[in-house]
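Me: Please take a close look at one part of this model, the place where its aromatic side chains pack. I would like one connected account of it.

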Amino acid sequence: MCCDPDAAPPALGPAPWPLAEAAPLTLTSADGTRFGAFLARPETATGPGVLVLPDNRGLSPFYRRTAARLAGHGHPALVLDYYGRTAGAAPEKRPAEFGEMPNLLPHLLALTPGGLDADITAALERLRAAGPAEVVALGFCFGGRQAFRTAAPRFGLAGAVGYYGYPDTLNGAPGPTQLAGGLTAPVLAFWGGADEHIPAAAVEAFDAALTAAGCPHEFVSYPGAPHNFFELAAVEHADAARDSWQRLLGFLSRPA
């Protein structure tokens, strides 16, 4: 698990742009699946759109707030929910208990790469319709793992950013390390140096695989920071959160 249901992203300074829109919506995949999403748009877009891929709980208030903060810095941002196929298209109507692992696990295990790719593709189409055609993926935990996958050419992204996304094989499924040979978009990855869920050896293997594949990438590790350091409650790691936020905004503002 990653963010608690009542978690909030860190306070990272005033946003220069007012929002034109911040509202839930329902999208439809190519296979007809309806799933929940949330779109935040600034009055003036000054950079690429951001597809926000949440942790394994799916669309939650944390990611709505994160999308709104990105929009406040000039980046249209859309968050998608993963569970339209098994839990319906209205994540806001699910009980709080849905996010507890015993309840979530059957839905999580039902996810497939094909279904995830179809939903990501539908979300990208909607986001591009809302603003700049250039889009960067940003994911956290489970979503970070998925964000690394979107560096593949079929998604047409300008880059992929992942916070503490597990890169290795998981439950027999290949991870970004194993898929690195097919990744081409620039990758920015943030890691907690004290993350008990992601061994340093796994990060090093992913780094080596991307290097061997010729995929441009930058890894930033924060000594002493745990998994999920990008959260308001993690006050002792506020410097890591602030630094990563500035690096993220720099990544979004770099020339295409």
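Reply: Helices and strands are named here from DSSP runs, helices being H or I runs of at least four residues and strands E runs of at least two, numbered from the N terminus. The model is predicted, so local features need pLDDT of at least 70 and side-chain atom pairs pLDDT 80 or more, while totals for chains, interfaces and linings use all residues. Residues are numbered from 1 along each chain as its sequence is written, and side-chain values use heavy atoms, with hydrogens and water left out.

Tyrosine 164 is a convenient place to start. This residue is found in the loop between β6 and α6 (176–179). Tyrosine 164 is buried (under 20% relative accessible area with a 1.4 Å probe, protein chains only; exposed is over 50%, partly exposed in between), its own relative accessible area being 1%. Its phi is near 40°, a positive value in a residue other than glycine. Leaving out residues up to four places away in sequence, tyrosine 164 touches Cys2, Phe140, Cys141, Phe190, Trp191, Asp195, Ile198, His227, Asn228, Phe229 and Phe230; contact means heavy atoms within 4.5 Å.

Asparagine 228, one of those neighbours, is found in the loop between β8 and α8. Its phi is also positive, about 70°, although asparagine 228 is not a glycine. At 11% relative accessibility, this residue counts as buried.

Tyrosine 164 belongs to one aromatic cluster with Phe62, Tyr63, Phe140, Tyr163, Phe190, Tyr222, Phe229, Phe230 and Trp245. Across the whole structure, a search finds 20 aromatic pairs (ring centres of Phe, Tyr or Trp, the last by its six-membered ring, within 6.5 Å; planes under 30 degrees apart are stacked, over 60 edge-to-face, the rest tilted). Tyrosine 163 and phenylalanine 190 form a tilted pair, 4.6 Å centre to centre with 40° between the planes. Tyrosine 163 lies in strand β6 (residues 159–163) and phenylalanine 190 in strand β7 (residues 187–192), so this pair ties together parts that are 27 residues apart in sequence. Tyrosine 163 is buried at a relative accessible area of 0%, and phenylalanine 190 is buried with a value of 0%.

Tyrosine 163 also forms a tilted pair with phenylalanine 230, at 5.0 Å centre to centre and 45° between the planes. Here the link runs from strand β6 to the loop between β8 (217–222) and α8 (238–253), so parts 67 residues apart in sequence are tied together. Phenylalanine 230 counts as buried, at 2% relative accessibility.

The strand that holds phenylalanine 190, β7, runs parallel to β8 and is joined to β8 by six bridges; strands pair if DSSP finds at least two bridges between them. Leucine 188 stands opposite glutamate 218 in β8.

The largest nonpolar core has 81 residues, and those with the most contacts inside it are Leu51, Leu70, Tyr164, Phe229 and Phe230. Such a core is a set of buried Ala, Val, Leu, Ile, Met, Phe, Trp, Tyr and Cys residues joined through side-chain atoms within 4.5 Å. The largest share of this core, seven residues, comes from α8.
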